[in-house]
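Me: Here is a predicted model. Please take one part of the sheet region and walk me through it closely, along with whatever sits around it. Keep it brisk.

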Amino acid sequence: MQNPQEVQRAAAELTKRLSAGLSAPALPAPSGADEPVGIVLGTGLSGLADKMADARAVPYDALPGFPPSSVASHSGAFLCGRFPARCGEDEGLGRAVIIQQGRCHLYEGRSPAEVCMGVRVMAGLGVRTLIVTNAAGALNPNFDAGSIMCMTDMINHTGVSPLTGLNCDAWGPRFPDMSEPFDPQLRDLAVETACKMGIRLERGVYIGVHGPEMETPAETRLYRQWGADAVGMSTVLEVIAARHLGLRVLGLSCLTNKNRPDCMAPVSLEEVIAAAQTTGRQLGRLIRALVTKL
């Protein structure tokens, strides 16, 4: 499901609104070292945007055809600004970033094209490096709730793809390669940076499911047998769309709970959000440090 006309309209309106009233363009030229870095913030992680300098916000409902998010803790806006050149300092201009504060999901009744529209709009604004984040349940028994996982690979178990239908050749090939959905150099940089900051960073496979129901014990066992280390209801379609567009992708999960199939306990959305907000503070520090090195 590819929607180039809708994406172009939304991208044009976003550029117009971000640049309104500024003497200079709100976005850098989409080439060279100052290409904007795109960041998708998942459940409970919108606080990262508070650390931006000179941020300009455009709500999703101001963009023609752009799908809103109906999930609690998803703010529903694009932000354009910069992080300080050095993490925790104000020196220098820093790297330009475009943040997607919240996303929509298949379980909200949205199509794959709508789920991936944010990624495609950011690519239209010059983003060539994308950081996707989410809240996920830990499947690997060696991973603890409250930790961060760097995605090394993924499983699309949603039953759909954002690439069905006529292919937009300007975006990418009909059959894009997915042998490395997450960029190895970005993963190495994330691990190195986390180590220097004293942040424990797990590495594992993320499985994306349709939702909105949580996993049964049997499903938890199955996903683990497939090699999945964490499970969530987002991200995989966005990564497919990003790789189709030729973007480099880094995936980071906040592990908000631990799925133990032999002693499953109910988990509420409020608990997930609270856990993501707590872990998200560390994740935010890591992302800010990473962006200054890209």
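Reply: Start with one pair: Tyr206 stands opposite Ala230, a residue of E8. This, like everything below, is read from a predicted model. Strand E8 covers residues 230-232 and is joined to E7 by three bridges. The two strands run parallel.

Now the other partner of E7. Nine bridges join E6 to E7, and this pair also runs parallel. One residue pair to find on screen is Met151 with Gly204, its bridge partner in E7.

How buried is E7? Strand E7 spans residues 201-209, and eight of its nine residues are buried. It is therefore largely enclosed by the rest of the structure.

Follow the chain onward. E7, helix H5 (residues 217-225) and E8 make a β-α-β unit, and the unit is right-handed. The loop between E7 and H5 holds Pro212. The peptide bond joining Gly211 and Pro212 is cis, with omega about 10°.

Next comes the link from E8 to H6. Thr235 lies in this loop. Its phi is positive, about 80°, although Thr235 is not a glycine. Thr235 has a relative accessible area of 2%, under the 20% cut-off, so it counts as buried.

Thr235 also faces empty space. The structure holds two cavities of 30 Å³ or more. The largest has a volume of about 70 Å³. Of the 13 residues that line this largest cavity, the closest to its centre are Val115, Met233, Ser234, Thr235 and Leu237. Among the elements, H6 gives the most to this lining, with three residues.

So what is H6 like? Helix H6 is mostly covered, with eight of its nine residues buried. They are Val236, Leu237, Glu238, Val239, Ile240, Ala241, Ala242 and His244. Glu238 and His244 are thus on the buried list beside the aliphatic residues. After H6 comes Gly246, where phi is positive, near 85°.

H6 leads on to the core. In soluble globular proteins, nonpolar side chains tend to be buried together. Here, the largest nonpolar core has 49 residues. Leu14, Phe66, Phe78, Val121 and Leu130 touch the most other members. The elements that give two or more residues to this core include helix H1 (4-19), strand E3 (77-82), helix H3 (117-124), strand E6 (148-157) and helix H6 (236-244). H6 gives the most to this core, with six residues. E6, the partner of E7 through nine bridges, is thus also a contributor to the core.

Take Val121 as a close-up. Setting aside residues up to four places away in sequence, Val121 touches Val7, Ala10, Ala11, Leu14, Phe66 and Phe78. Apart from the largest core lies another core, of 32 residues. Its members include Cys150, Ile199, Leu252 and Leu286.

Finally, step back to the whole chain. The protein has seven helices and nine strands. Of its 294 residues, 55% count as buried. Among contacts with a separation of 6 or more, 82% are between residues 24 or more positions apart.

How values were computed
Residues are numbered from 1 along each chain as its sequence is written. Side-chain values use heavy atoms; hydrogens and water are left out. A nonpolar core is a set of buried Ala, Val, Leu, Ile, Met, Phe, Trp, Tyr and Cys residues joined through side-chain atoms within 4.5 Å. Buried means under 20% relative accessible area, exposed over 50%, partly exposed in between (1.4 Å probe, protein chains only). Helices (H or I, at least four residues) and strands (E, at least two) are DSSP runs, numbered from the N terminus. Contact means heavy atoms within 4.5 Å. Two strands pair if DSSP finds at least two bridges between them. A crossover is right-handed if, with the strands pointing away from the viewer, the path from the first strand over the helix to the second runs clockwise. On a 1 Å grid over the protein atoms alone, a cavity is a set of points where a 1.4 Å probe fits but cannot get out, and a pocket is an open set with protein on both sides within 12 Å along at least five of seven lines; lining residues have an atom within 4 Å of a point. Grid points are joined across faces, edges and corners, and a volume is the space filled by probe spheres set on the points.
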